[in-house]
Amino acid sequence: MQEVLQTYHLLIGYKGQPLIPEVNVSLNEGDIVALAGPNGSGKTTLFKTLSASIKPIGGEVKLFGKDLRDYSPTERSSLFSLVLTEKPDDLFLKVFDIVAAGRYPHLGLLARLKAEDEQIIYDSLQTVGIGHLTNRNFVSLSDGEKQKVMIAKALVQDTPIIFMDEPAAFLDYPSKIELVNIMHKLSREQHKTILFSSHDLDLLLRHSDRLWVMAPHQPLRQGTPKELVEQGIIDDYFRPIVAKEEFYWITTSK
């Protein structure tokens, strides 16, 4: 399986101050990895560093064997899409227009949508369950609906790597499970590599194959949910907010 992303002695943080020790991780084609950690652990900073939104304090990130800094912005936009928690606030933007913006890396100099581009947009809206909202103003949507719009935008960008920071925020539990199923379908059928974060530890423990776990000033740890629970990592990293009995089930299953 092809490695699509690697980090080497990566230090993330701001103003020269690392948030956590060096990060040495990799992602393979078709991987779905969940990123877990309490508030302030550096999850969003890691996403922004991996996507070149901010510079690392040290170390390097490689995409497909090439240093991230050696790609132009246009090249990066064809390699990965990024879903953050920030949302557009333009009162006049419609759902279709926001999602259509994800197609721009694939358009010509005139940036005009072709029939096939429009079909991809409509298909992505249907995939995340908001096809009926195509012509609604974005600001009129619920928080959960807005989140689905941003996920649809990432899908139409059609990149091999998708980063999603808190994509399940504001979604009800059935919609969260639906989202996980969508990610597995993208991995299985289109070989997308997906890294996503969530505050919903129960969701991650029950429905993730592989976890990266972060905590302030602690090294990033990785493994299956079962491994991380049995090694005590989940307890150590989430002790202030999670009781052991909440994930006891996973140590006794399988």
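These are my notebook entries on one serine, the strands and the empty spaces of a predicted model.

**Entry 1, S81.** I began with S81, which I found in strand β8, a run covering residues 80-83. Is S81 buried or exposed? Its relative accessible area comes to 1%, and because the cut-off for buried is under 20%, I entered S81 as buried. I then looked up the polar partners of its side chain, and noted a polar contact with the side chain of T159 at 3.1 Å, as well as the backbone oxygen of A154 at 3.5 Å from a polar atom of the S81 side chain. Leaving aside residues up to four places away in sequence, I listed A154, Q157, T159, I161, I162 and F163 as the residues that S81 touches.

**Entry 2, strands β8, β9 and β10.** Three of those contacts, I161, I162 and F163, led me on to β9, which spans residues 161-164. I found both faces of this strand covered, with I161 and F163 buried on one side and I162 and M164 buried on the other. I recorded that β8 pairs with β9 in the parallel sense over four bridges, and that V83 has M164 of β9 standing opposite. For β9 and β10 (residues 193-197) I again noted parallel pairing over four bridges, with I162 standing opposite I194 of β10.

**Entry 3, the antiparallel sheet.** I next followed an open sheet of four strands, in which the order is β4-β1-β6-β7 and the pairing is antiparallel. Which strands stand at its edges? They are β4 (26-28) and β7 (66-67), and as each has a single partner strand, one side of each is left without a neighbour in the sheet. Looking at the pairing of β4 with β1 (residues 3-11), I noted three bridges in the antiparallel sense, and I wrote down S26 of β4 as the bridge partner of Q6.

**Entry 4, the largest pocket.** Turning to empty space, I noted about 310 Å³ in the largest pocket, whose lining consists of 16 residues, with S124, T127, L155, L186 and Q190 lying nearest its centre. The elements that give two or more residues to this lining are α4 (115-127), α5 (143-157) and α6 (173-190), and I found the largest share, five residues, to come from α6. Sorted by class, the pocket lining has seven nonpolar, four polar and five charged residues.

**Entry 5, the cavities.** How many cavities of 30 Å³ or more are there? I counted two. The largest cavity has a volume of about 60 Å³, and I listed its lining as V128, K148, I151, L171, S175, E178, L179 and I182. Here α5 and α6 are the elements that give two or more residues, and α6 gives the most, with four. By class I entered five nonpolar residues, one polar and two charged for this lining.

For the second largest cavity I noted a volume of about 30 Å³ and a lining made up of I32, V33, A34, V180, H184, F196, H207, S208, D209 and R210. The elements that give two or more residues to that lining are β5 (32-36) and α6, and I recorded three residues from β5 as the largest share. Its residues divide into five nonpolar, three polar and two charged.

Conventions. Residues numbered from 1 in each chain as written. Predicted model: local features only at pLDDT ≥ 70, side-chain atom pairs only at ≥ 80, totals over all residues. Heavy atoms only, no water. Buried < 20%, exposed > 50% of the residue type's maximum accessible area, 1.4 Å probe, protein only. Polar contact = N/O pair within 3.5 Å; in protein donor to acceptor, adjacent residues only side chain to side chain. Contact = heavy atoms within 4.5 Å. 1 Å grid on protein atoms, 1.4 Å probe; cavity = no way out; pocket = protein on both sides within 12 Å on 5 of 7 lines; lining within 4 Å. Points joined across faces, edges and corners; volume = space filled by probe spheres on them. Nonpolar A, V, L, I, M, F, W, Y, C, P; charged D, E, K, R; others polar. Pairing = 2+ DSSP bridges.
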